[in-house]
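Reader: I am new to this structure. Please take me through one part of it closely.

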Amino acid sequence: MTFTATVLTLYPEMFPGPLGVSLAGRALREGTWAMEAVQIRDFAIDKHKTVDDTPAGGGAGMVLRVDVLARAIDHARARSSPSLLGEGDHPQGGGGALAPHSPPPLPSSAVPLPEASSGRNDRPVIALTPRGKPLTQARVRELAQGPGVILVCGRFEGFDERIFEGRNVEEVSVGDIVLSGGECAALMLLDACIRLLPGVMGAPSSGHEESFENGLLEYPHYTRPAEWEGRTIPEVLRSGDHAKIAAWRKSQSEIDTRLRRPDLWERHTGVRVQSASGARHEVQDD
């Protein structure tokens with residue numbers, strides 16, 4: 001089963017972007033995963049292809065229309081067999097990716113399309129939004145083990161709230177930041193998933209000791225030269241004693257997590273938990 005990503009966006013030319021190079025790009029050309037970028041504007045039904053409107057209740061900016069988004073999501077769910085490019089095909093923007101898709105014009109009476117009988121319809125629909133639940137490595141692993149994802153990239157002030165319940169859309173945030181749109185966040189989410197697909201990183205153990213895989217930040221890394229501007233590689237890493245090296249790495253991972261990410265440390269140890277308001281407690285020294 002090929003991991004398939006459909007990205008609903010106002011800027012399909014942004015894809016595959018960086019996902020068309022390096023390990024992800026090679027996996028894309030080899031058919032390990034596939035993607036299509038779908039223009040949301042194609043699902044507007046007025047002559048001006050309007051996708052947004054003023055916010056109800058007043059205020060600055062514009063809001064993406066729920067009816068347009070719903071038609072785009074219905075279309076993505078109904079596409080049981082996207083026209084994947086074969087190995088060696090090179091659409092604009094990067095070899096091996098799906099060319100930005102333009103669906104046929106929709107009549108003014110367009111209704112949600114029926115879902116086709118395909119495993120691809122099990123793909124979760126995820127909207128990238130700062131209001132979403134923080135993306136975690138655990139959720140990334142779940143997504144990477146599935147048939148793929150349908151990603152909805154926001155713009156302007158965001159989404160009409162009704163789309164989330166009306167189309168069972170999961171809200172995800174990639175960090176406590178605000179971007180110009182969801183496209184960069186979509187690239188980040190896809191990169192995190194793709195590198196976990198079988199064969200993409202090479203050795204199956206490549207990602208086992210990375211940050212967040214065991215609830216902690218990864219330990220520090222060093223390589224040659226042994227000394228640089230008066231700074232040396234820790235002696236334990238040059239000792240050849242694998243037990244001591246493993247213990248040092250575990251200790252450094254715990255120290256860095258405790259100092260840099262007390263929220264992760266609290267969850268890892270279970271000693272402190274977040275309050276209902278989300279405020280963190282200080283981690284006390286032993």
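Does Ser-22 count as buried or exposed, and what surrounds that part of the chain?

Author: Ser-22 counts as exposed, because its relative accessibility is 60%. (Exposed means over 50% relative accessible area, buried under 20%, partly exposed in between, with a 1.4 Å probe and protein chains only.) This is a predicted model, in which local features need pLDDT of at least 70 and side-chain atom pairs pLDDT 80 or more, while totals for chains, interfaces and linings use all residues. Residues are numbered from 1 along each chain as its sequence is written, and side-chain values use heavy atoms, without hydrogens or water.

Start with the backbone. Ser-22 sits in helix 1, which runs over 22-30. (Helices, H or I of at least four residues, and strands, E of at least two, are DSSP runs numbered from the N terminus.) Ser-22 is not a glycine, yet its phi is positive, at about 55°. Most residues other than glycine have a negative phi, and most peptide bonds are trans.

The loop between strand 1 and helix 1 holds Pro-16. The peptide bond that leads into Pro-16 from Phe-15 is cis, and its omega is near 0°. A cis bond also joins Arg-224 to Pro-225, with omega near 5°. Pro-225 belongs to the loop between helix 5 and strand 8 (227-228). A positive phi turns up again at Glu-229, about 50°, and Glu-229 is not a glycine either. Glu-229 is placed in the loop between strand 8 and strand 9 (231-232). With a relative accessible area of 59%, Glu-229 is exposed.

Now look at what lies beside helix 1. Helix 1 is among the elements that supply at least two residues each to the largest nonpolar core; strand 1 (3-9), strand 2 (33-39) and helix 5 (183-194) are others. That core has 30 residues, and within it Trp-33 and Leu-190 touch the most other members. (A nonpolar core is a set of buried Ala, Val, Leu, Ile, Met, Phe, Trp, Tyr and Cys residues joined through side-chain atoms within 4.5 Å.) Helix 5 gives the most to this core: eight residues. Apart from this core lies another, of 23 residues, including Ile-40, Phe-43, Val-125 and Val-152.

Trp-33 ties the picture together. Leaving out residues up to four places away in sequence, Trp-33 touches Ala-24, Ala-27 and Leu-28, among others. Its other contacts include Thr-2, Phe-3, Leu-19, Ile-194 and Leu-197. (Contact means heavy atoms within 4.5 Å.) Phe-3 stands opposite Trp-33 of strand 2. Strand 1 and strand 2 run parallel, joined by seven bridges.

These two strands belong to an open sheet. The sheet has five strands in the order 2-1-6-5-7, with parallel pairing. (Two strands pair if DSSP finds at least two bridges between them.) Strand 2 is at one edge and strand 7 (169-173) at the other; each has a single partner strand, so one side of each has no neighbour in the sheet.

Step back to the whole protein. Seven helices and nine strands make up its secondary structure. Of its 286 residues, 41% are buried. Among contacts with a separation of 6 or more, 72% join residues 24 or more positions apart. Back at the starting point, Ser-22 is exposed at 60% relative accessibility, and its helix supplies at least two residues of the largest core.
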